[in-house]
Amino acid sequence: MNNNTLLNPIGGVSLALGMALTVGAIAPMPTQAQELDPNATEVLQFMSDYLTRTQAFSVNADIDFEIVTTTGQKLQFSSYASMVMQRPTGLFFQRRGPLADAEVFFDGSQITLFGRRINAYATIPLSGTIDEAILTMEAETGLPFPGADLMFSNPYEVLMEGVESSTYLGTGYIDGVEVHHLAFREADVDWQIWVQTGDRPLPMKYVITTKWITGAPEYSIRLRDWNTNPQIPANRFTFTPPAGVRLLEALPPSELEDYQEAQ
């Protein structure tokens, strides 16, 4: 798993991000490391192969993340995200919430990060693929990229990095859609993913739980409105600066901190 997108200090407070929902006392978890359930890995591989073959898609998501303050209080923040992707070089991502209002554009030649709340944007020249754009943005800004594991050209390879055990927990329902429920364990986090059954194995929910921070904060994404044949405008991935917006050579620490707090 690309943990850089999931564990991130916010506003100078030691906080943790994760993805998820609660699991009732359903099934026994594996007790031995390196215990991989072939049913879980097979479904995950099926999902990954389907996403890899899907050359373009759009999807919306509802995101909840928890933080634990230095006083031990757990807080949960909710936001909305929307993404359009066209492999191998087109990506648009926006995230909005009580504090956040930001967009990311990548057109194969540059990444643009536009913060509406600070009315400013910065660009990073990059000739490459979406995989390289995600890694570059994380490295340059340190910003979390929720659900980034699912955007890579080979999600299975990224997700399985560091996995020590996996479990297939049967089927359930997300927003009325039947799904497979999979659970995975790593050294620092546990994560779960719910994958639509049938011949469209799309991820419907993704939850990450940090294990070694008081309160075990979680980060959860519920994915909906999948469209694997979207009509994408030609300029969808190119940023056009609105009137009056500031161009920054790079996001200064103060602006970046504000931006991070808004996530």
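Two strands count as paired if DSSP finds at least two bridges between them. The close-ups below come from a predicted model.

**Whole chain, for orientation.** The protein has 263 residues, and buried residues make up 54% of them. Its secondary structure comes to four helices and 12 strands. Take the contacts between residues at least 6 apart in sequence: 57% of these join residues at least 24 apart.

**The β8–β9 hairpin.** β8 covers residues 177-185, and β9 covers residues 189-196. The two strands run antiparallel and are joined by seven bridges. Three residues link them in a hairpin. Val 179 stands opposite Gln 196 of β9.

**The β9–β10 hairpin.** β9 also pairs with β10, again in the antiparallel sense, over seven bridges. Val 189 has Thr 210 of β10 as its bridge partner. Six residues lie between the strands of this hairpin. One residue of the hairpin, Gly 198, takes a positive phi near 90 degrees.

**Strand β9, buried on both faces.** Which residues make up the two sides of β9? Val 189, Trp 191, Ile 193 and Val 195 line one side. Asp 190, Gln 192, Trp 194 and Gln 196 line the other. Both faces are covered. Eight of the eight residues are buried, so β9 is largely enclosed by the rest of the structure.

**Phe 184 in the largest nonpolar core.** This core has 56 residues. Leu 44, Phe 184, Trp 191 and Ile 193 have the most contacts inside it. Beyond its neighbours within four places in sequence, Phe 184 is in contact with residues that include Ala 40, Leu 44, Met 160 and Val 163. Further partners include Ser 165, Ser 166 and Asp 190. Trp 191 and Ile 193 also touch Phe 184. Another core, of eight residues, lies apart from the largest one. Among its members are Val 84, Phe 114, Tyr 121 and Phe 237. Nonpolar side chains tend to be buried together in soluble globular proteins.

**Phe 92 and its aromatic cluster.** The structure holds nine aromatic pairs. One of them joins Phe 92 and Phe 105, with 5.1 Å centre to centre and 55 degrees between the planes. That pair is tilted. Phe 92 lies in strand β3 and Phe 105 in strand β4 (residues 101-106), so the pair ties together parts that are 13 residues apart in sequence. Both Phe 92 and Phe 105 are buried. They form one aromatic cluster with Phe 114, Tyr 121 and Phe 239. The ring of Phe 92 also has a charge over it: the charged end of Arg 236, 3.8 Å from the ring centre.

**Lys 205 over Trp 194.** The charged end of Lys 205 sits over the ring of Trp 194. Its distance from the ring centre is 3.9 Å. Trp 194 belongs to β9 and is buried.

**Helix α2, length and burial.** How far apart are the end C-alpha atoms of α2? They are 16 Å apart. The helix has 12 residues (130-141), which should span 16 Å at 1.5 Å a residue, so the two values agree. Buried residues of α2 include Ile 130, Asp 131, Ala 133 and Ile 134. Thr 136, Met 137, Glu 138 and Thr 141 are buried too.

**Ser 48, a buried residue of helix α1.** Ser 48 lies in α1, residues 38-53. Its relative accessible area is 1%, so Ser 48 falls under the 20% limit for a buried residue. Beyond its neighbours within four places in sequence, Ser 48 is in contact with Asn 154, Pro 155 and Tyr 156.

**Backbone geometry in three loops.** Most residues other than glycine have a negative phi, and most peptide bonds are trans. Which peptide bond is cis in the loop view? The bond from Arg 87 to Pro 88 is, with omega near 5 degrees. Pro 88 lies in the loop between β2 (74-86) and β3 (90-96). Asp 175 is not a glycine, yet has a positive phi of about 50 degrees. Asp 175 lies between β7 (165-174) and β8 (177-185). Its relative accessible area is 53%, so Asp 175 is exposed. Ala 216 also has a positive phi, about 45 degrees. Its loop runs between β10 (203-210) and β11 (218-227). Ala 216 is partly exposed, at 28% relative accessibility.

Technical notes:
Residues numbered from 1 in each chain as written. Predicted model: local features only at pLDDT ≥ 70, side-chain atom pairs only at ≥ 80, totals over all residues. Heavy atoms only, no water. Expected span 1.5 Å × (residues − 1). Buried < 20%, exposed > 50% of the residue type's maximum accessible area, 1.4 Å probe, protein only. Core = buried A, V, L, I, M, F, W, Y, C linked by side-chain atoms within 4.5 Å. Contact = heavy atoms within 4.5 Å. Phe/Tyr/Trp six-rings, centres within 6.5 Å; stacked < 30°, edge-to-face > 60°. Lys NZ or Arg CZ within 6 Å of the ring centre and 35° of its normal.
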